[in-house]
Amino acid sequence: MKPTSRTLTSTAAANSKHSIAAASRKIHKPEESVRGIYVSGWVAGSKKRMNALIDLLDRTDLNAMVIDVKNDYGQLTYDSALPAVHAIGADRHAAISDVEGLIAKLKAKHIYVIGRIVTFKDPLYAKMHPNMALQKQGGGGVWRDAQGKAWLNPFQQQVRQYNTAIAGEAAAKGFDEIQFDYVRFPDNGAKVDREVQYGNRGGRTKSDVIAYFLRQARTNVHQSGARISADVFGLVTSSTNDMGIGQSWRAVTSAVDVISPMTYPSHYSTGMYGVKQPDLNPYPIISQAMLDAKRRNAIIRSSGGQLTATIRPWLQSFTARWVHPHQQYGAAQVNKQIQAAREQGIREFLLWSSNCKYDYRS
């Protein structure tokens with residue numbers, strides 16, 4: 001389905017209305033350090049599951065939830081007013097029946113509410129607008145990753161506008177912060193570069209266009225009264241380049257309010273940071289990653305006076321059964337990671353569990 005200029009204009013107009021409606025809502029920067037958990041759209045739409053997670057926050061020092069706005073399948077989790085969303089049926093299977101009511105309920109309990117947008121990994125939009133997806137070299141059609149998934153092309157303005165519009169709408173609905181996940185190109189960058197035709201880059205590198213998108217989105221989201229954050233690979237804290245995916249620490253930290261490296265010990269290779277078995281040794285992994293992240297921010301601030309984002313890592317709250325050897329990640333392993341971050345002066349964190357089950361004690 002090819003969108004008309006009217007569809008895109010209507011999307012921009014609808015988003016503008018949301019921005020105006022939210023203009024009186026000041027950006028809320030939480031007084032306390034943010035300590036949160038991930039909540040999928042399906043769980044957020046379940047009264048029983050949500051009440052259990054709210055009870056967890058009541059019993060502990062956790063004070064935030066990251067709730068899916070657009071998930072890994074490209075589906076929105078609530079009914080949208082954006083024509084571009086309706087045109088492809090992206091909100092057809094909305095899991096959250098009353099998102100404003102849910103946000104109000106959480107805020108009444110002083111819970112900081114973050115909306116997660118899976119950005120450029122969007123198989124639904126790619127299916128409906130194949131010309132907006134990454135293309136095979138030589139005009140061979142839509143490129144797909146090793147899992148058979150299509151990715152959107154960040155160099156396409158329409159792709160950036162679509163995600164920015166969703167972010168603005170979500171902010172206007174009351175989310176305190178909009179978090180962009182998969183705000184990158186596919187991994188294994190050198191191989192992808194050999195296989196993909198990116199089209200007109202406008203003179204930008206991968207890193208340039210990711211930073212450009214985030215800066216544009218930041219303006220829109222701030223106008224709608226929310227903060228902006230971005231997830232990056234854990235190794236971005238220590239890498240001196242963009243890792244072939246368009247995520248350089250310097251580019252991202254200067255474009256958002258909060259940067260969240262996904263520092264899951266199970267995802268680090270043997271020997272990284274001198275640790276033979278990272279999954280079995282979460283403390284030194286998190287400690288070194290946070291030390292490097294702090295240093296990068298400090299260097300950027302001292303070299304050019306640029307503002308840098310608050311560091312808020314994603315920590316592992318799941319068991320990586322595919323790693324050998326691995327360990328069960330319960331409260332003790334989670335707290336080891338939190339301790340390592342805190343001892344580096346990082347007091348904010350988010351816990352990731354894809355099934356939204358958490359073994360956590362303050």
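The exercises below work through one predicted protein model.

Residues are numbered from 1 along each chain as its sequence is written. Because the model is predicted, local features need pLDDT of at least 70 and side-chain atom pairs pLDDT 80 or more, whereas totals for chains, interfaces and linings use all residues; side-chain values use heavy atoms, without hydrogens and water.

**Exercise 1. Describe the overall build of the protein chain.**

Step 1. Take the secondary structure. The chain has 12 helices and 11 strands. Helices (H or I, at least four residues) and strands (E, at least two) are DSSP runs, numbered from the N terminus.

Step 2. Take the dimensions. The radius of gyration is 20 Å, and the globule rule gives 21 Å for 362 residues, so the chain is as compact as a globular protein of that length. The radius is taken over C-alpha atoms, and the rule is 2.2 Å times the number of residues to the power 0.38. Along the principal axes, the C-alpha atoms fill a box of roughly 55 × 50 × 45 Å.

Step 3. Take burial and contacts. Of the 362 residues, 56% count as buried. Buried means under 20% relative accessible area, exposed over 50%, and partly exposed in between (1.4 Å probe, protein chains only). Among contacts between residues at least 6 apart in sequence, 77% join residues at least 24 apart. A contact is a pair with heavy atoms within 4.5 Å.

Step 4. Take the surface. The chain exposes about 15500 Å², and carbon and sulfur atoms supply 49% of it. These areas come from the Shrake-Rupley method with a 1.4 Å probe; for residues, only the protein chains shown count as cover.

Step 5. Take the charges. There are 46 positive and 29 negative side chains. Lys and Arg count as positive, Asp and Glu as negative; His and the chain ends are not counted. The centres of the two sets lie 2 Å apart, with each charge placed at NZ of Lys, CZ of Arg, CG of Asp or CD of Glu.

**Exercise 2. Place S260 and V252, and list their contacts.**

Step 1. Start with S260. This residue lies in strand β8, residues 258–262. Its relative accessible area is 0%, so S260 is buried.

Step 2. List the partners of S260. Beyond four places in sequence, S260 touches Q179, A230, D231, V232, R312, W314 and L350.

Step 3. Turn to V252. This residue lies in helix α10, residues 249–253. Its relative accessibility is 2%, so V252 counts as buried.

Step 4. List the partners of V252. Leaving aside neighbours within four places in sequence, V252 is in contact with L214, A230, V232 and I259. A230 and V232 appear in both lists.

Step 5. Add a distance. V252 and D231 are 21 residues apart along the chain, and their C-alpha atoms are separated by 9.3 Å.

**Exercise 3. Analyse the aromatic pairs F155–Y198 and W314–W352.**

Step 1. Count the pairs. The whole structure holds 13 aromatic pairs. Rings of Phe, Tyr and Trp (its six-membered ring) pair if their centres lie within 6.5 Å; planes under 30 degrees apart are stacked, over 60 edge-to-face, and the rest tilted.

Step 2. Classify F155 and Y198. Their centres are 5.9 Å apart and their planes 70° apart, an edge-to-face pair.

Step 3. Locate these two rings. F155 lies in the loop between β4 (135–136) and α7 (157–172), and Y198 in the loop between β6 (196–197) and α9 (206–223), so the pair ties together parts 43 residues apart in sequence. F155 is buried at 8% relative accessibility, and Y198 is buried at 6%.

Step 4. Classify W314 and W352. The ring centres are 5.4 Å apart and the planes at 80°, so this pair is edge-to-face.

Step 5. Locate these two rings. W314 lies in strand β10 (residues 314–316) and W352 in strand β11 (residues 349–352), so the pair ties together parts 38 residues apart in sequence. Both W314 and W352 are buried. Y38 joins them in one aromatic cluster.

**Exercise 4. Find backbone features at P325, M243 and Y273.**

Step 1. Check P325. The peptide bond from H324 to P325 is cis, with omega near -10°. P325 sits in the loop between β10 and α12 (331–342).

Step 2. Check M243. Its phi is near 55°, a positive value in a residue other than glycine. M243 lies in the loop between β7 (227–233) and α10, and is partly exposed at 27%.

Step 3. Check Y273. Its phi is positive, about 60°, although Y273 is not a glycine. Y273 lies in the loop between β8 and α11 (282–304), and counts as partly exposed at 23%.
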